[in-house]
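Please take a look at the protein below, and then let us walk through its parts together.

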Amino acid sequence: MQSYPATYDTLKQVVEDAAKILGIPTPELKIKDVRRGVANYRGGWVSVPRWAVERGFAYAAYYVIHEVTHHHPDAFGHGPTFKHLEAHVLAEFGMTIKRRRVYAKRLHALSGPVLYSDADAK
Ligand SMILES: [Zn+2]
């Protein structure tokens, strides 16, 4: 997991790479001043809230990957297939996820170090 600045362009690259890994068309990326992200399958876009981008690249990339995974035709809701696909894409990006029920409690680099912990979140 390399670290980049969390910008529109670096996250757009994450969208493109994640879509390629999932074998789906690349959705458009929107960064919005909202509370929660959206995966709009019919509209062909995903949105990520600005607060998630401000947590840094690892968390922002995870959030983007989460929303892009919702575009996979086999990923219903947050079920087992969704979680499997999301974990697969995260691994391709060099990350493993420790979840609460659905969302990340911690993100680790494959080599071990913690990249994000929700204990850091305000
Ligand atoms: Zn979701």
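In the hairpin formed by E5 and E6, 4 residues lie between the strands, and glycine 112 there takes a positive phi near 120 degrees. Strands (E, at least two residues) and helices (H or I, at least four) are DSSP runs, numbered from the N terminus. This is a predicted model, in which local features need pLDDT of at least 70 and side-chain atom pairs count only at pLDDT 80 or more, while totals for chains, interfaces and linings use all residues. Residues are numbered from 1 along each chain as its sequence is written.

E5 and E6 pair in the antiparallel sense, over 3 bridges; two strands pair if DSSP finds at least two bridges between them. Within this pair, histidine 108 stands opposite valine 114 in E6. On E5 there is also a pairing with E4, antiparallel over 5 bridges, where methionine 95 stands opposite alanine 109 in E5. E4 and E5 form a hairpin too, with 4 residues between them.

**The three-stranded sheet**

Elsewhere, 3 strands make an open sheet with the order E1-E3-E2 and mixed pairing. E1 (28–32) and E2 (38–40) are its edge strands, since each pairs on one side only. Direction ignored, neighbouring strands here are turned by 15 degrees against each other on average. Strands of a sheet pair through backbone hydrogen bonds, either parallel or antiparallel. Both senses appear in this sheet: E1 and E3 run parallel, joined by 5 bridges, and E2 and E3 run antiparallel, joined by 3 bridges. The table gives some of the residues that face each other.

| Residue | Partner in E3 |
|---|---|
| Leucine 29 | Valine 46 |
| Lysine 30 | Serine 47 |
| Asparagine 40 | Tryptophan 45 |

H1 packs on the sheet, touching E1 and E3, and its direction makes about 140 degrees with that of E1. H3 packs on the sheet as well, touching E2 and E3, with its direction at about 145 degrees to that of E3. These angles run from 0 to 180 degrees between N-to-C directions, with axes being lines fitted to C-alpha atoms, for helices over the stretch in contact. In the hairpin of E2 and E3, which has 4 residues between the strands, glycine 44 takes a positive phi near 70 degrees.

**Two helices and their buried sides**

Which residues of H1 are buried? They are Leu11, Val14, Val15, Ala18 and Leu22. A residue is buried if 20 or more other C-beta atoms lie within 10 Å of its own, exposed if 12 or fewer, and partly exposed in between, with C-beta atoms placed from the backbone. The buried residues of H1 cover an arc of only 100 degrees around the axis, which puts them on the same side of H1. Such an arc is that of the directions from the helix axis to the C-beta atoms. On the other side of H1, Asp9 and Lys20 are exposed. The cover over the buried residues of H1 includes E1, E3, H2, H3 and H4. Just after H1, glycine 23 takes a positive phi of about 70 degrees.

H4 can be read in a similar way. Its buried residues are Leu85, Glu86, Val89 and Leu90. Seen down the axis of H4, they fall within an arc of 135 degrees, so they line one face of the helix. H1, H3 and E4 (95–99) are among what covers them. Glycine 94, which follows H4, has a positive phi near 85 degrees.

**The core and H3**

The largest nonpolar core has 31 residues, and those with the most contacts inside it include Leu11, Ala58, Tyr62 and Ile65. A nonpolar core is a set of buried Ala, Val, Leu, Ile, Met, Phe, Trp, Tyr and Cys residues joined through C-beta atoms within 7 Å. The largest share of this core, 10 residues, comes from H3.

Alanine 60 touches Ala6, Leu11, Val48, Ala52, Val53 and Arg55, not counting residues up to four places away in sequence. Contact means that the C-beta atoms of two residues, placed from the backbone, lie within 7 Å.

Glutamate 67 sits in helix H3. Is this glutamate 67 buried or exposed? Glutamate 67 is buried, because 25 other C-beta atoms lie within 10 Å. Leaving out residues up to four places away in sequence, glutamate 67 touches Gly37, Ala39, Val46 and Val48. Glutamate 67 and leucine 29 are 38 residues apart in sequence and 9.8 Å apart in space, C-alpha to C-alpha.
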